[in-house]
Every structure is written in C-alpha cells, then in structure tokens.
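Work through the exercises below with the sequence and the coordinates open beside you, and try each task before reading its solution.

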Amino acid sequence: MPPDPDIRFMQAALDQARLAWDAGEVPVGAVLVRDGEIVGRGYNQPITAHDPSAHAEVMALRDAGHRLANYRLPDCTLYVTLEPCVMCAGAIMHARVSHLVYGARDPKTGAQGSVLDLFGDLPGPIPRLNHHCGVTAGILAEECGDMLKAFFAERRARLKSTA
C-alpha cells in the first residue's frame, strides 16, 4: 500500500524545516504540490536573507511561481510544518492555492484558528474575501512540533552556557 500523500509531502516539508535549522533559522518548511508533484520548496530564512517576508510558505510560493511562470497557483496544495501567520495566510490566498495542509498549531501567531481564523472567514451575505482555501490541520503535528521545541531548547541551552 503506498504511503498517504499528506504524510509523504509533510515529510518533504520537514526536510525543508531541517534546512532552516541548519541555517540557524526557526525550523519551518513548506512544499507546494500540484498533480502529485512538488513544484515549490521553501524554508524559513528571514534572518539570513535579511527579509521579514522570507517565511517558508512565501519561499515555496515564490519557487513555484518561478517554476510555473505564474503568480497564481490554483489546483495546488501547500504543505507547511507550522500553522501559517497572517502574512503567509494572505500570500496563500492571493496565490489562489486550493488547499493548505499544516502540521503543528502556532498559539502565538497562527492565522487558522489559533489566534485568528482567516481561512474560516467564509463568505456570508456580504462576502469579505474573494478566495477561500480548504484546510487540513494536524498532519505529523507531533513531529513538526517536536522539531520546533528541540530547536528552541537547544537555543536556550546555548544562550545559558554563554551567560
């Protein structure tokens, strides 16, 4: 039996998160998938790129946009290891991504229900957003969350040893 594609692609996002960790960045990774193929990859790099918008999701969207020669990415699914922030949620919606799959919740900046729910702001009598994205939460959540916890524990230990 072939592996669940959500798990396979979230593992690919975790591989991207490890690249972020290796670069000294918060380990968040993302991959964008269309027709069962990864068309964009990204990991957090705002520190090394000196770019506050260089979150994993944005980097994956940029990579896919260049590869596909289009800023619109319909019929794509974005896999990311951490619940997107408001900036990334906006980028996902503007790119017209069809579906979002994420691992761990982000209780400090999550925009899919943890702090705000931009993805749940469905059109009512007066539509407020012109695009909506389906969401699947909690894929490999423990593994995604454990990576973040380990990264910050290592960082605290390093700071403590230099104090």
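The exercises that follow concern a predicted model, and each task is followed by a worked solution.

**Exercise 1. The nonpolar core**

Task: Determine which members of the largest nonpolar core touch the most other members, and which helix gives the most residues to this core.

Solution: Begin with the membership, which comes to 39 residues, and rank the members by how many others they touch; Leu32, Leu73, Leu78, Ile92, Val97 and Leu100 then stand out as touching the most. Next, assign core residues to secondary structure elements: helices H1 (5-22), H3 (56-68), H4 (86-94) and H5 (141-162), together with strands S1 (29-34), S2 (37-43), S3 (77-82) and S4 (99-104), each supply at least two residues. Among the contributors, H1 gives the most, with 6 residues. Finally, take isoleucine 92 as a worked case: once residues up to four places away in sequence are set aside, isoleucine 92 touches Leu61, Leu78, Pro84, Val97, Leu100, Phe119 and Cys133. As background, nonpolar side chains in soluble globular proteins tend to be buried together.

**Exercise 2. The length and the two sides of H5**

Task: Compare the span of H5 with the expected value, and establish where around the axis its buried residues lie.

Solution: The length comes first: H5 has 22 residues, which at 1.5 Å a residue should span 32 Å, and the end C-alpha atoms are 32 Å apart, so the two values agree. Turning to burial, where the cut-off is under 20% relative accessible area, Cys144, Gly145, Met147, Leu148 and Phe151 are the buried residues to consider in H5. Because these residues cover an arc of only 155° around the axis, they lie on the same side of H5. The other side of H5 carries the exposed residues Glu142, Lys149, Arg156, Lys160 and Ser161. As a last step, identify the cover over the buried residues of H5, which includes H1, S3 and S4.

**Exercise 3. The packing of H1 against H5**

Task: Decide how the axes of H1 and H5 are oriented, and describe the place of arginine 18 in this arrangement.

Solution: The two axes come within 11 Å and cross at roughly 10°. Since angles under 35 degrees count as roughly parallel, H1 is therefore roughly parallel to H5. The residues that meet are Met10, Leu14, Ala17, Arg18 and Trp21 from H1, and Glu143, Cys144, Met147, Ala150, Phe151 and Glu154 from H5. Arginine 18, which belongs to helix H1, is in contact with Glu143 and Met147 when its neighbours within four places in sequence are left aside. With a relative accessibility of 36%, arginine 18 counts as partly exposed.

**Exercise 4. Helices H3 and H4**

Task: Find the buried residues of H3 and of H4, and state what covers each set.

Solution: Start with H3, whose 13 residues reach 18 Å from the first C-alpha to the last, close to the 18 Å expected at 1.5 Å a residue. The buried residues of H3 are Ala56, Glu57, Val58, Met59, Ala60, Leu61, Ala64 and Gly65, and their cover includes S1, S2, S3 and H4. In H4, the buried residues are Cys88, Ala89, Ile92 and Met93. These four residues cover an arc of only 135° around the axis, which puts them on the same side of H4. The cover over the buried residues of H4 includes H3, S3 and S4.

**Exercise 5. Positive phi outside glycine**

Task: Locate histidine 50 and leucine 140, and classify their accessibility.

Solution: The background is that most residues other than glycine have a negative phi. Histidine 50 has a positive phi near 55° and is found in the loop between helix H2 (46-49) and H3; at a relative accessible area of 71%, histidine 50 is exposed. Leucine 140, with a positive phi of about 50°, is found in the loop between strand S5 (134-137) and H5, and at 22% relative accessibility leucine 140 counts as partly exposed. Two further positive values can then be placed by the helices they follow: alanine 69 comes after H3 with a phi near 55°, while arginine 96 comes just after H4 with a phi of about 65°.

Notes
Residues numbered from 1 in each chain as written. Predicted model: local features only at pLDDT ≥ 70, side-chain atom pairs only at ≥ 80, totals over all residues. Heavy atoms only, no water. Core = buried A, V, L, I, M, F, W, Y, C linked by side-chain atoms within 4.5 Å. Buried < 20%, exposed > 50% of the residue type's maximum accessible area, 1.4 Å probe, protein only. Contact = heavy atoms within 4.5 Å. Expected span 1.5 Å × (residues − 1). Arc of directions from axis to C-beta. Axes fitted to C-alpha atoms, helices over the stretch in contact; angles between N-to-C directions. Parallel < 35°, antiparallel > 145°, perpendicular 65-115°, else oblique.
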